Amino acid sequence: MGWLSGSGLLGRGRGMALAAVAVLLVAGSPAHPQDATTLKKDMIGQWELSTTERSKTCVVTLKPDASPQGLRLELEPACAAALPFTKDIKSWNIAGLDIVRLQDGTGQAVIDFTEVESGIFEGLRTGEGVYILQNLAAARSLAKSMDQMIGDWSMVRGNGQTVCGLTLTNNEAGQDNFQVFLKPKCDPAVAAFAPTQWRLDRGQMLLMNARGETWQFEADDNAQWRRIPDTADPLILVRQ
C-alpha cells in the first residue's frame with residue numbers, strides 16, 4: 001500500500017485505527033454457529049447491550065444455569081435506568097437455530113438478536129429502534145476507539161495533498177451521532193458534501209450530512225482511514 005509517503009502520515013492515528021480494528025478482532029464467537037447448541041455455548045459470558053452507538057449501555061452476563069423459562073442471566077444495576085425495557089428481562093435462551101432471545105418471566109421474547117458479524121448481534125424493538133448485543137471486550141475497545149477519534153483531522157488525496165480540515169467532537173447530535181465541523185477553505189467536493197455528523201459503526205467511520213448522505217471510511221493497512229468504495233484518487237483521513 002504505497003500511496004502515502006512520509007513517516008508522519010503513516011504514523012498519525014495508528015493507535016486509533018488499531019483499536020478500531022480490534023472491535024472486530026476481539027469478538028470471539030463464530031460468525032456462523034453450526035447449530036443451536038454451539039451458539040448457546042458461545043454466548044456464555046459477559047455482553048454489552050446498547051443503543052447502536054453506545055450512548056446507553058448495559059452489561060448482561062449470560063449463564064448456563066437453567067431457570068424456569070430458560071437460562072439464567074444477570075443485569076447490572078444500572079440497566080433499568082439506561083434501557084427501561086430491560087426491567088422485563090428475566091432469562092435468555094436460543095430460539096430456533098440462530099436467535100438469541102432475552103425473555104420475560106413467562107418465556108416470551110423481550111427482544112430477539114441475530115448475529116450480523118462475529119460477536120455482534122442486532123435486535124429490533126418496534127417503536128424504539130435497533131439495539132446491539134456484543135462481546136463486552138469488543139465494546140470496550142470501541143469506546144477506546146471513539147475517544148481517540150475526537151480532535152482535528154486532515155482529509156488528503158492519495159498523493160498526500162490536503163483538501164480539507166475537520167474536527168470530530170463528542171457533542172451529541174441525536175440518533176447516537178456526534179457533531180463534526182469543517183474548517184475553512186475545503187475542496188469544493190468536500191464543502192458541497194458538508195458533513196455535520198459522524199459515528200463509528202462496526203469498524204467503519206461514517207460522515208453524514210444534513211441531506212442524509214453518508215461517506216464511509218475504513219482503516220487501511222497504513223493505519224489511515226480511507227473512503228470506500230475505493231477509487232483511483234482516494235480520500236484519506238489522517239490525524240493531525
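Q: In which sense, right-handed or left-handed, does the disulfide of Cys58 and Cys79 turn?
A: A disulfide is a covalent bond between the sulfur atoms of two cysteines. In this predicted model, the torsion about the S-S bond of Cys58 and Cys79 is about 85°, so this disulfide is right-handed. The two sulfur atoms stand 1.8 Å apart.

Q: Which parts of the chain does the pair Cys58 and Cys79 tie together?
A: Cys58 belongs to strand β2 and Cys79 to helix α4 (residues 79-82), so the link ties together parts that are 21 residues apart in sequence. Both Cys58 and Cys79 are buried.

Q: How many disulfides does a search of the whole structure find?
A: The search finds 2 disulfides. Besides the pair already discussed, Cys164 and Cys186 form a disulfide, with their sulfur atoms 1.9 Å apart. The link of Cys164 and Cys186 is right-handed, with 50° about the S-S bond. Cys164 lies in strand β10 (residues 162-172), whereas Cys186 lies in the loop between β11 and α6, so this pair ties together parts that are 22 residues apart in sequence. Cys164 and Cys186 are both buried. When the bonded cysteines are counted along the chain, the disulfides follow the pattern 1-2, 3-4.

Q: Which residues have the most contacts inside the largest nonpolar core?
A: In soluble globular proteins, nonpolar side chains tend to be buried together. Here the largest nonpolar core has 23 residues, and those with the most contacts inside it are Met43, Leu49, Trp92, Val100, Leu102 and Phe113. The elements that give two or more residues to this core include helix α3 (36-43) and the strands β1 (45-51), β2 (57-66) and β6 (109-117). A second, separate core has 22 residues, among them Met155, Val180, Met205 and Trp225.

Q: What does the secondary structure of the chain come to, and what share of the residues is buried?
A: The chain has 6 helices and 16 strands. Of its 240 residues, 45% are buried. The accessible surface comes to about 11700 Å², and 49% of that surface belongs to carbon and sulfur atoms. As for contacts between residues at least 6 apart in sequence, 44% join residues at least 24 apart.

Q: Where is the cis peptide bond that joins Ile228 to a proline?
A: The cis bond joins Ile228 and Pro229, with omega about -5°. Pro229 is found in the loop between β15 (225-228) and β16 (235-239).

Q: Is Pro234, in the loop between β15 and β16, buried or exposed?
A: A residue counts as buried when its relative accessible area is under 20%. Pro234 has 4% relative accessibility and therefore counts as buried. Leaving aside residues up to four places away in sequence, Pro234 touches Val156, Arg157, Gly158 and Arg226. Pro234 and Arg157 are 77 residues apart in sequence, and their C-alpha atoms are 5.7 Å apart in space.

Q: What is the phi of Lys185, and where does this residue lie?
A: Lys185 is not a glycine, yet its phi is positive, at about 65°. Lys185 is found in the loop between β11 (178-182) and α6 (188-193). With a relative accessible area of 84%, Lys185 is exposed.

Q: What is the phi of Ala194, and how accessible is this residue?
A: Ala194, a residue other than glycine, has a positive phi near 55°. Ala194 lies in the loop between α6 and β12 (195-201). Its relative accessible area is 29%, and Ala194 is therefore partly exposed.

Notes. Residues are numbered from 1 along each chain as its sequence is written. This is a predicted model: local features need pLDDT of at least 70, side-chain atom pairs count only at pLDDT 80 or more; totals for chains, interfaces and linings use all residues. Side-chain values use heavy atoms; hydrogens and water are left out. A nonpolar core is a set of buried Ala, Val, Leu, Ile, Met, Phe, Trp, Tyr and Cys residues joined through side-chain atoms within 4.5 Å. Buried means under 20% relative accessible area, exposed over 50%, partly exposed in between (1.4 Å probe, protein chains only). Helices (H or I, at least four residues) and strands (E, at least two) are DSSP runs, numbered from the N terminus. Contact means heavy atoms within 4.5 Å. Accessible areas come from the Shrake-Rupley method with a 1.4 Å probe; for residues, only the protein chains shown count as cover. A disulfide is a pair of cysteine sulfur atoms within 2.5 Å.
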